[in-house]
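Me: I would like to go through the labels used for this structure one at a time. For each label, please give the value and the cut-off behind it.

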Amino acid sequence: MSLKPRPKLTLIAIWLFVALSVAKIGIYLALVHQGTVAPFVGDNSADHYVPTARRILTEGRFNGPDSRMNSTIGPVYSVVLAGFMAVAPRSYFVAITCFQMLADLATALVLLWLAKKFLRPEAGLLAGTFWLLYPPEVAISTWVTAETLFTLLVICSIALYLSSLEHAGASRSVLTGCALGITTLLRATAILLPFLLILPLLWSRSFRRAACLVAGYAVMIVPWAIRNQIVLNDPIVVSVGFGGAFLQGSDERLFTIEIGR
């Protein structure tokens, strides 16, 4: 009697990640139904993401001279939120946070792919499991904010970039640039990342692929920058809020936390 072949570790990891994600969503929905927890809507969401999403649905626009303060954020998360508002108008906060838990699952799967390709499947199993159970990320996925989707897009962009390095064609470089552009429109923190990633390409004299990466990035970013110039009469490349994080440690005008003496 022959023994059945053991399932591959990759398949085990995928099923484990799916099981953990389903369990997280199930527990979360049960706690929401009981009134024990609720999606967290912070000041940034209440002041910017939510009003912009509602404006997209009701007025068909992001912001204008009357709502210039909403230019502190990029447009992508508000578009996603507007989609959930349209599909689930009574429970869109719960719907988008469940979607963000699925985004964490996708992040774990990309980590598994990266580890399988460049290290060992065991590393991907550990990385994905730790990510899905990492308490701060579990908590943040229940917030109505862009961080969870941003993490997924960053790791997908890096995976596309590494994949493009192994292929002579330029199509994957264009796709990488587009992914980085969408990532930047989600959170402008990544605005300089493409120019860092092209340095290895320039060093290896892969000028065509470097140009294609920048071109894909520009295709995503430039229309939004042009729109800001036309609508707001202001040369805002993506948003105006991301610089505060860099200046809080060096400019007391932006460091607003009161320190007791």
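**Helix packing and burial**

Reply: The side chain of S78 comes to 3.5 Å from the backbone oxygen of Y49. This is a predicted model, in which local features need pLDDT of at least 70 and side-chain atom pairs count only at pLDDT 80 or more, while totals for chains, interfaces and linings use all residues. Residues are numbered from 1 along each chain as its sequence is written, and side-chain values use heavy atoms, with hydrogens and water left out.

Me: What makes the approach of S78 to the backbone oxygen of Y49 a polar contact?

Reply: A polar contact is a pair of N or O atoms within 3.5 Å; within protein, one must be able to donate a hydrogen and the other to accept it, and residues adjacent in sequence count only if both atoms are side-chain atoms. The side chain of S78 reaches that oxygen at 3.5 Å.

Me: Why is S78 called buried or exposed?

Reply: Buried means under 20% relative accessible area, exposed over 50%, and partly exposed in between (1.4 Å probe, protein chains only). S78 has 0%, so S78 is buried. Leaving out residues up to four places away in sequence, S78 touches H48, Y49, T52, A53, I56 and I73, where contact means heavy atoms within 4.5 Å.

Me: Where does S78 lie, and what does that helix pack on?

Reply: S78 is in helix 3 (residues 76-87); helices (H or I, at least four residues) are DSSP runs, numbered from the N terminus. Helix 3 packs with helix 2 (residues 43-59) at an angle of about 60 degrees, their axes 8 Å apart. Axes are lines fitted to C-alpha atoms, for helices over the stretch in contact, and angles run from 0 to 180 degrees between N-to-C directions.

Me: Why is helix 2 called oblique to helix 3?

Reply: Angles under 35 degrees count as roughly parallel, over 145 as roughly antiparallel, 65 to 115 as roughly perpendicular and the rest as oblique. The angle is about 60 degrees, and therefore helix 2 is oblique to helix 3. Helix 2 residues including Y49 and T52 meet helix 3 residues including S78 and L81.

Me: How do you know how helix 1 runs relative to helix 4?

Reply: The axes of helix 1 (residues 9-34) and helix 4 (residues 92-118) come within 10 Å and cross at roughly 165 degrees. Helix 1 and helix 4 are therefore roughly antiparallel. Among the residues making the contact are V18 of helix 1 and L102 of helix 4. By class, the contact has 16 nonpolar, 3 polar and 3 charged residues; Ala, Val, Leu, Ile, Met, Phe, Trp, Tyr, Cys and Pro count as nonpolar, Asp, Glu, Lys and Arg as charged, and the others, Gly among them, as polar.

Me: What makes V18 partly exposed?

Reply: V18 has a relative accessible area of 28%, which places V18 in the partly exposed class.

Me: Why is helix 4 called roughly antiparallel to helix 5?

Reply: The axes of helix 4 and helix 5 (residues 121-133) cross at roughly 160 degrees and come within 7 Å. That makes the two roughly antiparallel. Their contact includes L105 in helix 4 and W131 in helix 5, and divides into 11 nonpolar, 3 polar and 2 charged residues.

Me: Is T183 buried or exposed, and what is in contact with T183?

Reply: T183, in helix 8 (residues 171-186), has a relative accessible area of 1% and is therefore buried. Apart from neighbours within four places in sequence, T183 is in contact with F150, L153, V154, S157 and A190.
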